[in-house]
Amino acid sequence: MSPEAGAPPGSAVSSNGADPLRMPDGALVAQRDAPLGGQAVLEGVMMRGVSVWAVAVRRPDGEVEISSEPLVPWAKRHRIWRLPVIRGVVALGESLKIGFRALAISANAQMEEDEEGEREEIGGWIWGVTIALSLALAVGLFFVVPVGLTSLIKDQLGSSILFWLVEGILRTAIFIGYIVAISRLRDLRRVFEYHGAEHKTISCYEAEDELVPARAKLYSRLHPRCGTSFLLIVMVLAIFVFAPIGLPAWYWLLASRILGIPLIAGLSYEVIKWTGKNRRKRWVRAVMWPGLMLQNLTTREPDEEQLAVAIAALEKVLAEESPEQAAAGQQIEIVA
């Protein structure tokens with residue numbers, strides 16, 4: 001059955017053949033889920049497949065600089081890394097490693113060249129400190145601060161159920177407030193536009209449409225497997241994971257919130273992958289709705305030049321692998 005007139009080739013149609021599948025913003029999204037992911041960087045986009053990742057960056061002179069690096073997923077190295085929940089923790093660590101590396105490449109591409117044509121690059125130790133501070137801020141803000149503040153009124157609550165419920169609501173509120181705050185920063189607007197370009201390009205590929213800006217712009221800047229949705233799931237699942245712990249001493253409370261992060265991340269990966277694969281179901285889309293609404297804050301509508309950069313990164317990946325063939329028989333977890 002072919003899509004209705006005007007719909008992109010390969011775009012999803014509902015089970016009764018009526019309308020193409022759309023996101024809450026009204027734009028198209030593909031039915032199928034491809035083993036591809038990505039990340040917005042400074043004036044560019046990183047795309048990753050199963051065995052390679054690439055980053056395309058628009059330099060200050062207007063030229064697009066593209067580089068790629070091979071990748072051997074940790075999940076392929078040992079069967080234990082492909083077990084449910086564990087595979088999500090492994091994928092998260094791998095994504096963070098690639099993401100920071102891609103961000104460093106994009107930052108260096110923005111550096112001006114000297115008279116001899118050499119470009120001064122940001123040192124590795126600076127990125128090491130940046131990564132450490134970023135991780136400490138995330139853990140502190142979203143896990144340590146909520147449990148610390150809730151502990152101040154622990155005696156007034158008088159119930160472990162009320163404690164983890166208040167803590168969970170506070171954690172989620174801090175996270176949403178953080179997203180709202182950074183979405184208002186003018187300097188991040190172009191990064192959010194490239195984030196939208198990344199999503200549109202991946203959806204265009206998943207729909208088996210032609211990878212050109214004019215086609216990619218028809219797709220939604222929201223994606224079921226986005227990291228923003230993943231983080232919201234982390235905040236919500238944390239409520240249920242921490243509930244059985246009850247109300248131990250404050251140091252056990254603090255330790256549990258830090259040590260429990262890998263478990264929550266692993267469970268959240270299972271949820272985000274499942275929703276991505278079952279996006280055709282109406283009730284699944286209803287469950288996805290809050291995360292998609294948050295993506296309205298972390299993505300912006302890109303222009304065709306930004307889409308061209310995202311497409312260049314994806315084409316570099318596709319030139320070196322077929323993601324579907326590379327992922328055949330493997331439990332490779334990738335977030336868009």
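Visitor: How many disulfides does the count come to?
Guide: Welcome! This is a predicted model, so the rule is applied to its atoms: two cysteine sulfur atoms must lie within 2.5 Å of each other. Two of the cysteines to look at are Cys204, buried at 0% relative accessibility, and Cys226, also buried with a relative accessible area of 0%. By the sulfur rule, the count of disulfides comes to zero.

Visitor: How confident is the predictor on average, as given by the chain's pLDDT?
Guide: Confidence can be read residue by residue, on a scale from 0 to 100. Over residues 1-18 pLDDT stays under 50, although the model has 37 contacts beyond four places in sequence for them. Across the chain, 88% of the residues score at least 70, and the average pLDDT is 86.

Visitor: What share of the chain's residues is buried?
Guide: The chain has twelve helices and four strands. Its exposed area is about 16200 Å², with carbon and sulfur atoms supplying 61% of that. Of the 336 residues in the chain, the buried share is 46%.

Visitor: Is Val241 buried or exposed?
Guide: You will find Val241 in helix H7, which covers residues 227-242. Its relative accessible area is 19%. Buried means under 20%, so Val241 falls on that side of the cut-off. Val241 is therefore buried.

Visitor: Which residues is Val241 in contact with, leaving aside its neighbours within four places in sequence?
Guide: Take Leu263 as a starting point: it is 22 residues from Val241 in sequence, and their C-alpha atoms are 8.4 Å apart in space. A contact is judged on heavy atoms within 4.5 Å. By that test, the contacts of Val241 are Leu263, Ile264 and Leu267.

Visitor: How far apart are the end C-alpha atoms of helix H11, and what should its residues span?
Guide: Helix H11 runs over residues 304-320, which is 17 residues. At 1.5 Å a residue, counting one less than the number of residues, the expected span is 24 Å. The end C-alpha atoms agree with this, as they are also 24 Å apart.

Visitor: Which residue caps the N-terminal end of H11?
Guide: Look for a side-chain oxygen lying 3.1 Å from the backbone nitrogen of Glu305. The residue that supplies this oxygen is Asp303.

Visitor: What do the buried residues of H11 pack against?
Guide: Among the buried residues of H11 are Leu307, Val309, Ile311 and Leu314. The buried residues of this helix pack against strands S2 (44-48), S3 (52-58) and S4 (64-70), and helices H5 (189-206) and H6 (213-216).

Conventions:
Residues are numbered from 1 along each chain as its sequence is written. This is a predicted model: local features need pLDDT of at least 70, side-chain atom pairs count only at pLDDT 80 or more; totals for chains, interfaces and linings use all residues. Side-chain values use heavy atoms; hydrogens and water are left out. Helices (H or I, at least four residues) and strands (E, at least two) are DSSP runs, numbered from the N terminus. Buried means under 20% relative accessible area, exposed over 50%, partly exposed in between (1.4 Å probe, protein chains only). Accessible areas come from the Shrake-Rupley method with a 1.4 Å probe; for residues, only the protein chains shown count as cover. A polar contact is a pair of N or O atoms within 3.5 Å; within protein, one must be able to donate a hydrogen and the other to accept it, and residues adjacent in sequence count only if both atoms are side-chain atoms.
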